[in-house]
Protein chains: 2
Amino acid sequence: MANMRLTLAYDGSDFEGWQAQAGARPARTVQAVLEAALTRLGGQPVAVAAAGRTDAGVHAIGQVVSFEFALEWPAERVQRALNGLLPPDVRVLAAAHASADFHARRSACAKLYRYELDTGPVQLPTRRSLAAHVPWSLAPEPVARVAALYLGRQDFAALRSTGSSVQTSVRTVLRSEVRWYGATLVYEVVADGFLRKMVRSMVGGLIAAGRGQCAPEALSARLAEGDRRRWPAPAAAHGLTLVAVAYDGCREPAPPFAPHSAL
Amino acid sequence: MANMRLTLAYDGSDFEGWQAQAGARPARTVQAVLEAALTRLGGQPVAVAAAGRTDAGVHAIGQVVSFEFALEWPAERVQRALNGLLPPDVRVLAAAHASADFHARRSACAKLYRYELDTGPVQLPTRRSLAAHVPWSLAPEPVARVAALYLGRQDFAALRSTGSSVQTSVRTVLRSEVRWYGATLVYEVVADGFLRKMVRSMVGGLIAAGRGQCAPEALSARLAEGDRRRWPAPAAAHGLTLVAVAYDGCREPAPPFAPHSAL
């Protein structure tokens, strides 16, 4: 058996998220589709671990997975064979053999997520599955101030999802940056780990401040309080993309590939 | 009756092109969908003219249409009402009253098309409906030289589509420009008019030169010869987007909106 590592891209539109689900009705998840292809290729069941367990509708251009594989093939051959078996909405961008102790989730030290949000009365139809849309204008200044609130090591209990079972909600945010391209807001955030729906809740905070519903000071107080019932609702899933994962040391993860569009 | 002008955006993926088609099986075209919405709104049949009759799969972020409309509503009200009636893959970006002699196609003096082409072994799944893909690397230098061949006033008979019935194939290309974003080629071309499949044939020439199948000198000779059977095949429709149309004088048309992605 060889420990392998893949870099994956997927269009999350037609997936019920990353994680394979037990149940009477089999869900179409990226994990289930990938494990089926690997099992077919290797002739025996394969279980994969992913750096980020993305929710339904969330995209990836740099998801990383690891698994023990029976075939002792060159990595490029595994990549080509998988891309022949996988549906067109999942692609293997890179494959490599990894050291025995490499684990896509446990070995990760930082992840980069990007959220694209089109603002204003009408969204371009070509962007409707890759970017979220709000029909309002957002004021850039309070948006930038709220993005800065997220920086550093702090307890993100106010942004955790209902029913989340993780031990601690303390995370370190290394980068939290808003850029504007006309009426499109692009938010990029790097952290050592993320709670479930954390990025979408962060964007919910940006929207609430940009619309003037909550002052940045009020959001700062609510973040410190840690009561998730008082935090703005998470933004829509389809604006979110897992861009890259870092493993060696804790350098900023570099995007492995171009984003959704070149422009 | 008032003469009106709309700026339209659409995702061409699920349309059989712009033009309404007669026939037993009604095709889903942008024109048919728009005319149905306008007819429902105005209570009597409406016929629209478009600046560019885009093919199946081709997108638009700045298509312009004109029509005579029975309702004397403010333009913004027409826009909102139409966006309520149209399917999500077509949006009205702007609506305005126009002078009586304005005609979306006949009054147009220049159009800007953009073609996005991802090159290399694997395409990001999130880009598969908005950009075409070739699995090769293209050499930038011959690509740029072929793009320059298209500039100026000349006979584009070599690039015209089979069965095309237009009188003359002389067109003036005002801009023909390739930019690279990593492995993504973005080609932008402005002309006073385009033959059917002309932009896709231009991109076919860029690809043939970039792969080393045809030298730029050979393509230059074939362009002068005007024999379309010797010209490389047109590139795939779904990489093409009608970006903008110019009307006043012959200024370069300005993109009315952000492109597919902000990045």
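1. Helix H2 of chain A. This helix spans residues 75-85, and its buried residues are Ala75(A), Val78(A), Gln79(A), Leu82(A) and Asn83(A). Around the axis of H2(A) these residues stay within an arc of 125°, so they line one face of the helix. An α-helix has 3.6 residues a turn, so residues three or four places apart point the same way. The model is predicted.

2. The two sides of H2(A). Arg80(A) and Gly84(A) are exposed, on the face of H2(A) turned away from the buried side. The cover over the buried residues includes two elements early in the chain A numbering, strand E1 (2-10) and helix H1 (30-42). Strand E3 (59-69) and strand E4 (90-97) of chain A also belong to that cover.

3. Helix H2 of chain B. Here the buried residues within 75-85 are Ala75(B), Val78(B), Gln79(B), Leu82(B) and Asn83(B). They fall within an arc of 125° seen down the axis of H2(B), so they line one face. On the other side of H2(B), the exposed residues are Arg80(B) and Gly84(B). The buried residues of H2(B) pack against strand E1 (2-10), helix H1 (30-42), strand E3 (59-69) and strand E4 (90-97) of chain B.

4. Helix H5 of chain B. H5(B) covers residues 216-225. Its buried residues are Pro216(B), Leu219(B), Arg222(B) and Leu223(B). An arc of only 120° around the axis holds them, which puts them on the same side of H5(B). Note that an arginine, Arg222(B), is on the buried list. The packing partners are helix H3 (140-149), strand E7 (152-155) and H4 of chain B. Just after H5(B) comes Gly226(B), with a positive phi of about 80°.

5. Ile207 of chain B. Ile207(B) sits in helix H4 of chain B. Its relative accessibility is 11%, so Ile207(B) counts as buried, the cut-off being under 20%. Leaving out residues up to four places away in sequence, Ile207(B) touches Leu117(B), Val134(B), Trp136(B), Leu138(B) and Ala235(B). Ile207(B) and Val146(B) are 61 residues apart in sequence, yet their C-alpha atoms are 9.5 Å apart.

6. Lys197 of chain A. Most residues other than glycine have a negative phi. Lys197(A) has a positive phi, near 60°. Lys197(A) lies in the loop between strand E9 (184-191) and helix H4 (198-211) of chain A. With 30% relative accessibility, Lys197(A) counts as partly exposed.

7. Lys197 of chain B. Phi of Lys197(B) is positive too, about 60°, although the residue is not a glycine. Lys197(B) is in the loop between strand E9 (184-191) and helix H4 (198-211) of chain B. Its relative accessibility is 29%, so Lys197(B) counts as partly exposed. A colleague checking backbone angles should look at both lysines, Lys197(A) and Lys197(B).

8. Pro234 of chain A. Pro234(A) is in the loop between helix H5 (216-225) and strand E10 (240-246) of chain A. Pro234(A) is partly exposed, with a relative accessible area of 37%. Neighbours within four places in sequence aside, Pro234(A) is in contact with Lys197(A), Arg200(A) and Ser201(A). One of these partners, Lys197(A), is the residue with the positive phi near 60°. From Pro234(A) to Val199(A) the C-alpha distance is 8.1 Å, with their positions 35 residues apart in sequence.

9. Chain A overall. Chain A has five helices and 10 strands. Its radius of gyration is 19 Å, close to the 18 Å that the globule rule gives for 263 residues, so chain A is as compact as a globular protein of that length. Along the principal axes, the C-alpha atoms fill a box of roughly 55 × 40 × 40 Å.

10. Burial and contacts in chain A. Of the 263 residues, 57% are buried. Among contacts with a separation of 6 or more, 69% join residues 24 or more positions apart.

11. Surface and charge of chain A. The exposed area is about 10,900 Å², and carbon and sulfur atoms supply 51% of it. There are 29 positive and 22 negative side chains in chain A. The centres of these two sets lie 4 Å apart.

Note on methods
Residues numbered from 1 in each chain as written. Chains lettered and ligands numbered in written order. Predicted model: local features only at pLDDT ≥ 70, side-chain atom pairs only at ≥ 80, totals over all residues. Heavy atoms only, no water. Helix = DSSP H or I, 4+ residues; strand = E, 2+ residues; numbered from the N terminus. Rg over C-alpha atoms; globule rule 2.2 N^0.38 Å. Buried < 20%, exposed > 50% of the residue type's maximum accessible area, 1.4 Å probe, protein only. Contact = heavy atoms within 4.5 Å. Areas by Shrake-Rupley, 256 points an atom, 1.4 Å probe, with all protein chains shown as cover. Lys, Arg positive; Asp, Glu negative; His and termini not counted. Charge placed at Lys NZ, Arg CZ, Asp CG, Glu CD. Arc of directions from axis to C-beta.
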